[in-house]
Amino acid sequence: MLPLLVRRLLFFTFTGLALPCLVHAAAPLSPASVSPTPEQVINWINASAHDPVDLPHVDFELVNLDEDADLEIIAKQNASVHIGTFYVLDQKPDRTYSLIAEKRWNVPQLQPERWDYAQEVNHPELDPYYLDSRIELTGTRLLETVDHTGGTGLSVYEAHLWYLEKGKLVEAWSGLLKQTSSVPGGQLFQTLGSYQIISGEIPQLYYWTTEQELDPDSGIPLPGKTATKLVVYQFDQGVFTPVP
């Protein structure tokens, strides 16, 4: 029978060795340790994608797209100048991800938030009444993704405004930003578009497009060949619809 003092020494010795292991196992994972690898992202996409990732590289970012604390993943693959796919993945309770949206958008860059000059971020001491509404629209967090499409003699940039609702991507609006086309005979045409969202009780989106014929050699608009039009939309039942 070991003396009482020896037994106590052995107990505290083994307890001291075991406690660090228990604490390490129970500690929360750091953000770096849960950041997925490209291989994991590809596997999660390919588990349910209509257009599986078949390239050795995928661009992705961890971002917060909705109101919960979990981070989502946005990812893209570009198969050519005008062909690509855009993916959104949602985090599951086990910290893996599942594909919730897949769009045939050829995304030039992963930039989900559109910069808006009308919204400023100031220190509270300078602007105590400032409300961070850069991407809030009647409680909806609105995001922008640009799609670059086209073909022979045609290049198109189109903006898509969307948000997540109950784990699904909802497209609220899409509009042309730039389209350049050439036709047989040497003519060159271009359409430029821009939009601005006006907040209010019923938010509105103003969308302008200018159509013009260009000099095929200099790219300068030809006199008398330019026309501009405006379409106004209002945010109704989760999407922007044209105002009659």
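## Exercises on a predicted model

**Exercise 1.** Decide whether histidine 148 is buried or exposed, then describe its surroundings.

*Solution.* Step 1: the relative accessible area of histidine 148 is 11%. Buried means under 20%, so histidine 148 counts as buried. The model is predicted, and this value is computed from it.

Step 2: place the residue. Histidine 148 belongs to strand β7.

Step 3: list the contacts. With neighbours within four places in sequence set aside, histidine 148 touches Val81, His82, Asn106, Pro108, Ser155, Val156 and Tyr157.

Step 4: look for a polar partner. The side chains of histidine 148 and serine 155 form a polar contact at 3.1 Å.

**Exercise 2.** Work out which strand pairs with β7, and which strands are the edges of the sheet.

*Solution.* Step 1: write down the strand order. The open sheet has 7 strands, arranged β7-β8-β9-β10-β11-β12-β13, with antiparallel pairing.

Step 2: find the edges. β7 (143–151) and β13 (239–242) each pair on one side only, which makes them the edge strands.

Step 3: give the twist. On average, neighbouring strands in this sheet are turned by 25° against each other, direction ignored.

Step 4: examine the pair. Strand β8 covers residues 154–165 and pairs with β7 in the antiparallel sense over 9 bridges. Glycine 151 is opposite leucine 154 of β8.

**Exercise 3.** Compare the location and exposure of arginine 95 and glutamine 237, both of which have a positive phi.

*Solution.* Step 1: recall the background. Most residues other than glycine have a negative phi.

Step 2: read the angles. Phi is near 70° in arginine 95 and near 55° in glutamine 237.

Step 3: locate both residues. Arginine 95 sits in the loop between β3 (84–91) and β4 (97–103). Glutamine 237 sits in the loop between β12 (221–236) and β13.

Step 4: classify exposure. Exposed means over 50%. Glutamine 237 has 78% relative accessibility and is therefore exposed. Arginine 95 has 42%, so it is partly exposed.

**Exercise 4.** Summarise the protein as a whole: what are its secondary structure elements, its buried share and its exposed area?

*Solution.* Step 1: count the elements. The protein has 3 helices and 13 strands.

Step 2: give the burial. Of the 244 residues, 30% are buried.

Step 3: give the surface. About 15500 Å² is exposed, and carbon and sulfur atoms supply 58% of it.

Step 4: add the contacts. Among contacts with a separation of 6 or more, 41% join residues 24 or more positions apart.

Terms used
Residues numbered from 1 in each chain as written. Predicted model: local features only at pLDDT ≥ 70, side-chain atom pairs only at ≥ 80, totals over all residues. Heavy atoms only, no water. Pairing = 2+ DSSP bridges. Helix = DSSP H or I, 4+ residues; strand = E, 2+ residues; numbered from the N terminus. Axes fitted to C-alpha atoms, helices over the stretch in contact; angles between N-to-C directions. Buried < 20%, exposed > 50% of the residue type's maximum accessible area, 1.4 Å probe, protein only. Contact = heavy atoms within 4.5 Å. Areas by Shrake-Rupley, 256 points an atom, 1.4 Å probe, with all protein chains shown as cover. Polar contact = N/O pair within 3.5 Å; in protein donor to acceptor, adjacent residues only side chain to side chain.
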